[in-house]
Amino acid sequence: MSAPTPVLEVRGVSKSFGAVRALDNASLQVFPGQIVALIGDNGAGKSTLINCMTGVFPPDSGEILFDGQPVHLHSPQDARNLGIETVYQDLAVAPHLDSAANIYLGREAMKPGILGKLGFLDNKFMMEETAGELKRLRVRIPDPRRRVFTLSGGQRQSVAVARSVKWASKVVIMDEPTAALGVAQSQMVLDLMREVRNSGIPVIYVSHNMPHVFEVADRIMVLRLGTVVTELDPKTDTIDQAVGWMTGSTTMSSSAGNEAA
Ligand SMILES: Nc1ncnc2c1ncn2[C@@H]1O[C@H](COP(=O)(O)OP(=O)(O)OP(=O)(O)O)[C@@H](O)[C@H]1O
Ligand SMILES: [Mg+2]
């Protein structure tokens, strides 16, 4: 039996910003029906890896494969067209639009115009759908008609999560989706991730919250200084081990027990 093809794969990707080598030969495979956590210290390269995977900017070298085929993503829209939805760490939402407009951004529902052409935005439809979607996802925001900049940080983040879950058909990527969320809302996002995973769509989950990572992930990839240094199993490995790899106190040679004294 052959191994399943990864839905998304990063092969030996490097990316520098001036003298800073943000990614150094990083590799990652994402299989259907898995939550893959990506962890690492501040500046380890997590967001840069997400940005390379989602067309924000191209890698300097290395390959991105989608369903086993190399892809060249020139914009986040290219990634969305493939069914990859991302909650970015910053710029998660357009602050001056309401929740419905954010959820339908770039995919606005149109009503046909009088002569069947041109048409105009079907705001009523989008608002009703959004209210239903938010309710289904148990996202509580005061009113989907309110412009998003009047919502709290956590509520804004919830809108971004709802949008990604609504549209993703192949992969959901979440960069710190619970960073601004309280306990109940964080649990809601973790539940959503499990729901997405159980529907067969893999989730890439970037977080500094180790209890959350160990609670929800199927696999944990540790990024350090731009390289994926190890993969941990949340069922058998521990948070202490993860921290050791993230900080560099554990390395390939030390974990093999043959480091020089
Ligand atoms: N657009 C950019 N221009 C210049 N340097 C950048 C840019 N984006 C990232 N970097 C640098 O690349 C390195 C990796 O940053 P990145 O944002 O990927 O880290 P991260 O793992 O997401 O960290 P955090 O946990 O703080 O979000 C850092 O040294 C950062 O300063
Ligand atoms: Mg980041």
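Which residues does T130 touch, not counting residues up to four places away in sequence? In this predicted model, the partners of T130 are S99, A100, I103 and P144. T130 itself sits in helix α4, which spans residues 123-136. T130 counts as buried because 25 other C-beta atoms lie within 10 Å, and the cut-off for that label is 20 or more. S199 makes a useful second landmark: T130 and S199 are 69 residues apart along the chain, and their C-alpha atoms are separated by 21 Å.

Attention can now turn to the ligand. The shell around ligand 1 is made up of F17, V20, A22, G40, N42, G43, A44, G45, K46, S47, T48 and Q89. Two elements, β2 (20-30) and α1 (46-53), each give two or more residues to this shell. The largest share comes from α1, with 3 residues. Sorted by class, the surroundings of ligand 1 comprise 7 polar, 4 nonpolar and 1 charged residues.

Strand β2 also holds N25, a residue worth a look for its backbone. N25 has a positive phi of about 60°, although it is not a glycine. N25 counts as partly exposed because it has 14 C-beta neighbours inside 10 Å, a number between the limits of 12 or fewer for exposed and 20 or more for buried. A positive phi, here of about 50°, is also found at L225, which is likewise not a glycine. L225 lies in the loop between β11 (219-224) and β12 (227-232). With 15 other C-beta atoms within 10 Å, L225 is partly exposed.

The interior of the model comes next. Its largest nonpolar core has 70 residues, and those with the most contacts inside this core are A37, L38, V171, Y205 and V222. For Y205, the contacts can be listed one by one: leaving out residues up to four places away in sequence, Y205 touches I35, V36, A37, L38, M174, M193, V216 and A217. Two of these partners, A37 and L38, are themselves among the core residues with the most contacts.

Finally, there is a helix pair to consider. The axes of α5 (residues 153-167) and α6 (residues 183-198) come within 11 Å and cross at roughly 5°. The two helices are therefore roughly parallel, since the crossing angle falls under 35 degrees. On the α5 side the contact involves G154, S158, V161 and V165, which meet Q185, V189, L192 and V196 in α6. By class, this contact has 5 nonpolar and 3 polar residues, with no charged residues.

Technical notes:
Residues are numbered from 1 along each chain as its sequence is written. Chains are lettered from A and ligands numbered from 1 in the order in which they are written. This is a predicted model: local features need pLDDT of at least 70, side-chain atom pairs count only at pLDDT 80 or more; totals for chains, interfaces and linings use all residues. A residue is near a molecule or strand if its C-beta atom, placed from the backbone, lies within 6 Å of it. Helices (H or I, at least four residues) and strands (E, at least two) are DSSP runs, numbered from the N terminus. Ala, Val, Leu, Ile, Met, Phe, Trp, Tyr, Cys and Pro count as nonpolar, Asp, Glu, Lys and Arg as charged, and the others, Gly among them, as polar. A nonpolar core is a set of buried Ala, Val, Leu, Ile, Met, Phe, Trp, Tyr and Cys residues joined through C-beta atoms within 7 Å. Two residues are in contact if their C-beta atoms, placed from the backbone, lie within 7 Å. Axes are lines fitted to C-alpha atoms, for helices over the stretch in contact, and angles run from 0 to 180 degrees between N-to-C directions. Angles under 35 degrees count as roughly parallel, over 145 as roughly antiparallel, 65 to 115 as roughly perpendicular and the rest as oblique.
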